[in-house]
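Dear colleague,

Please find below the structure that I am handing over to you. My notes on it come after the sequence and coordinates.

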Amino acid sequence: MKNISFKRHRFPPEIIRHAVWLYARFTLSYRDIEDLLSERGLDIPYETVRRWFQKFGGPIARNLRR
């Protein structure tokens, strides 16, 4: 399993992984994920979720397949 660097990101890796997982696992839009996270008290814009998925989606999926 390859380590993914989450340095210089405002939110902890668990939050980023959860948001990416929500987008990849369920057929939700970025705005739906923004709403789900805001219900949990996290103010994360949908554009940030989109950038996280573009950056971390591939490496997280490769780690899950191994």
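The notes below cover the nonpolar core, the second helix and one residue of the third helix.

Please bear in mind that this is a predicted model. Its largest nonpolar core comprises 15 residues, and those with the most contacts inside it are L37, I44, V49, W52 and F56. Three elements each give two or more residues to this core: α1 (13-25), α2 (30-39) and α3 (46-65). Leaving aside residues up to four places away in sequence, V49 touches A19, Y30, I33, L37 and I44.

Three of the residues that V49 touches, Y30, I33 and L37, are also the ones to consider in α2, where they are buried. Their directions cover an arc of only 60° around the axis, which puts them on the same side of α2. This agrees with general helix geometry: an α-helix has 3.6 residues a turn, so residues three or four places apart point the same way. The cover over the buried residues of α2 includes α1 and α3. Just after α2, G41 adopts a positive phi of about 90°.

Finally, a word on R62, which lies in helix α3. R62 has a relative accessibility of 47% and therefore counts as partly exposed, the class between under 20% and over 50%. The C-alpha atom of R62 is separated by 8.7 Å from that of K2, although the two residues are 60 residues apart along the chain.

With kind regards

Terms used: Residues are numbered from 1 along each chain as its sequence is written. This is a predicted model: local features need pLDDT of at least 70, side-chain atom pairs count only at pLDDT 80 or more; totals for chains, interfaces and linings use all residues. Side-chain values use heavy atoms; hydrogens and water are left out. A nonpolar core is a set of buried Ala, Val, Leu, Ile, Met, Phe, Trp, Tyr and Cys residues joined through side-chain atoms within 4.5 Å. Buried means under 20% relative accessible area, exposed over 50%, partly exposed in between (1.4 Å probe, protein chains only). Helices (H or I, at least four residues) and strands (E, at least two) are DSSP runs, numbered from the N terminus. Contact means heavy atoms within 4.5 Å. The arc is that of the directions from the helix axis to the C-beta atoms.
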